[in-house]
Amino acid sequence: MPKSNLPNLCSLEDMKAHIQLSFLYVILMALITSCDTKNLDANQRAEVKKEMDNRELRKLADVDILNAGQAQAAMIADTAQKLLGQTLMKTIQQAGVPAAVSYCNVVAYPLVDSLSKVYNAAIKRASLNSRNPKDQPEPWEAEMLEAYQFGVDNDQPLSENAQLDDDRKYVLYTKPIAITNGMCLNCHGSENQVLPETRALLEQLYPADNALGHKMGDLRGMWSIKIPIEEIVKKM
């Protein structure tokens, strides 16, 4: 790409990083054209400086909110995963796999819903290969799941992610769920790994089940947590 003949001070790329298409943008465009701050009066220069300073402060505030939101959401995801995992494993050991399937159907979602109320956050498990229709991803969740799947397919490490939504009202947090325990294959594995009794129950409870055929290391889905920014600020 050819370099601009304007000096760095007047770079349109730099200007666009700090201002929107607004009255102040028009002022700065005049500055770019003239390359001379003397063309702006004192009040205009003060307004430009104030706007740019405010944007820098807002960036810092966004970073603080994002870090705090990520920490809160990670704690929620770990708590939910631990509660579900421990109870599920205990149920399998004491009553068998079909009982665990029933447990997931009856208990798992009310448990997650109760955590949502405690933390005033939207909590769900989303998957591109969903078993329960409640796990169907929203568009932004589908994008994250596709990114995680790309990572699995290319042997890249998976990690949590946090971002602000477009309206800057929520922190959107995701944490991938991979199959790392062989016991998961009792309900999510290949045809010869899922016993007929378990398969029959799955077909009864989840007629549109799309969560079979997995193997160790596969991406099962992800935790998706949406926390209102005001809730995050309360705890900062």
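This is a short tour of two nonpolar cores and one buried serine in a predicted model.

**First stop: the largest core.** Start by selecting Leu 84, Ile 123, Tyr 173, Trp 223, Ile 225 and Ile 227. Of the 24 residues in the largest nonpolar core, these touch the most other members. Now colour the elements around them: α3 (42-95), α4 (97-119), β3 (170-178), β4 (219-228) and α8 (229-234) each give two or more residues to this core. Helix α3 supplies the largest share, with 8 residues.

**Second stop: Trp 223.** Keep Trp 223 selected and show what surrounds it. Beyond its neighbours within four places in sequence, Trp 223 is in contact with Ala 77, Ala 80, Gln 81, Leu 84 and Val 112, among others. Its contacts also include Ile 123, Lys 124 and Arg 125, as well as Tyr 173, Thr 174, Lys 175 and Ile 177.

**Third stop: a separate core.** Next, pick Met 89, Val 97, Leu 201 and Tyr 206. They are among the 10 residues of a second core, separate from the one you have just seen.

**Last stop: Ser 127.** Move to the loop between β1 (122-126) and α5 (139-153), where you will find Ser 127. Is this residue buried or exposed? With a relative accessible area of 4%, Ser 127 counts as buried, because the cut-off for that is under 20%. Zoom in on its side chain: a polar atom there lies 2.9 Å from the backbone nitrogen of Asn 129, and the side chain also reaches the backbone oxygen of Arg 220 at 2.8 Å. To complete the view, show Asp 135, Pro 137, Leu 145 and Gly 221, which are also in contact with Ser 127.

How values were computed: Residues numbered from 1 in each chain as written. Predicted model: local features only at pLDDT ≥ 70, side-chain atom pairs only at ≥ 80, totals over all residues. Heavy atoms only, no water. Core = buried A, V, L, I, M, F, W, Y, C linked by side-chain atoms within 4.5 Å. Buried < 20%, exposed > 50% of the residue type's maximum accessible area, 1.4 Å probe, protein only. Helix = DSSP H or I, 4+ residues; strand = E, 2+ residues; numbered from the N terminus. Contact = heavy atoms within 4.5 Å. Polar contact = N/O pair within 3.5 Å; in protein donor to acceptor, adjacent residues only side chain to side chain.
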